[in-house]
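I opened a fresh page for this one and wrote down what I looked up as I went. Come along and keep the picture beside you while you read.

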Amino acid sequence: MARPGSGLLVPVNGLGYPPQNLARVVVWEWLNEHGRWRPYSAAVCHHIENVLKGDARGTVVLGQVDGQLSPYVIDLQSMHQFRQDTG
């Protein structure tokens, strides 16, 4: 059964929401220079979620989990990503 307007097919029980044993995944994305949202890798998303659990107002150093993202930091308070070397 599909949820109206969601564009997703999600198996639901008779109550209209997914069963409890359905895995839930958080996907973090960033807005590129072309105005398109691009997802971070699963490892980066997991790292962001772990940092959020500890300090929801701190920063996430993306290079700690992906070397290609080493110049990037997410400020959790403003929810903005920036380059450490250029600001």
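These are my entries, going from the overall layout to the sheet, the helix and the pocket.

**Entry 1: getting my bearings.** I noted at the start that this is a predicted model. I then looked up the elements and found one helix and five strands. Reading from the N terminus, I wrote their order as β-β-α-β-β-β.

**Entry 2: burial and contacts.** What share of the 87 residues is buried? I got 20%. I also checked the contacts with a separation of 6 or more, and residues 24 or more positions apart account for 10% of them.

**Entry 3: the sheet.** I looked for paired strands next and found three of them in an open sheet, in the order 3-4-5, with antiparallel pairing. Which strands sit at the edges? They are strand 3, residues 59–61, and strand 5, residues 80–83, and each of these pairs on one side only. I wrote down the twist as well: from one strand to the next it averages 25°. A general reminder I left in the margin: strands of a sheet pair through backbone hydrogen bonds.

**Entry 4: strands 4 and 5 up close.** I picked this pair to follow residue by residue. Strand 4 covers residues 72–75, and four bridges join it to strand 5 in the antiparallel sense. Looking across from Val 73, I found Phe 82 of strand 5. For Ile 74, the bridge partner in strand 5 is Gln 81. The two strands make a hairpin with four residues between them, and there I noticed that Met 79 has a positive phi near 60°.

**Entry 5: the helix.** Where does helix 1 lie? I traced its residues, 42–54, and saw that helix 1 lies across strand 3 and strand 4. Its direction makes an angle of about 145° with strand 3.

**Entry 6: the largest pocket.** I saved this for last. The largest pocket holds about 250 Å³ of space. Its lining includes Trp 28, Trp 30, Trp 37 and Tyr 40. I was pleased to meet some residues from my hairpin entry again, since Ile 74, Met 79 and Gln 81 are also among the lining residues. Which elements give two or more residues to this lining? They are strand 1, residues 29–31, and strand 5. Strand 1 supplies the largest share, with three residues. Sorting the lining by class, I listed seven nonpolar, three polar and two charged residues. Glu 29 and Glu 33 are in the lining too.

Definitions and conventions
Residues are numbered from 1 along each chain as its sequence is written. This is a predicted model: local features need pLDDT of at least 70, side-chain atom pairs count only at pLDDT 80 or more; totals for chains, interfaces and linings use all residues. Side-chain values use heavy atoms; hydrogens and water are left out. Two strands pair if DSSP finds at least two bridges between them. Axes are lines fitted to C-alpha atoms, for helices over the stretch in contact, and angles run from 0 to 180 degrees between N-to-C directions. Contact means heavy atoms within 4.5 Å. On a 1 Å grid over the protein atoms alone, a cavity is a set of points where a 1.4 Å probe fits but cannot get out, and a pocket is an open set with protein on both sides within 12 Å along at least five of seven lines; lining residues have an atom within 4 Å of a point. Grid points are joined across faces, edges and corners, and a volume is the space filled by probe spheres set on the points. Ala, Val, Leu, Ile, Met, Phe, Trp, Tyr, Cys and Pro count as nonpolar, Asp, Glu, Lys and Arg as charged, and the others, Gly among them, as polar. Buried means under 20% relative accessible area, exposed over 50%, partly exposed in between (1.4 Å probe, protein chains only).
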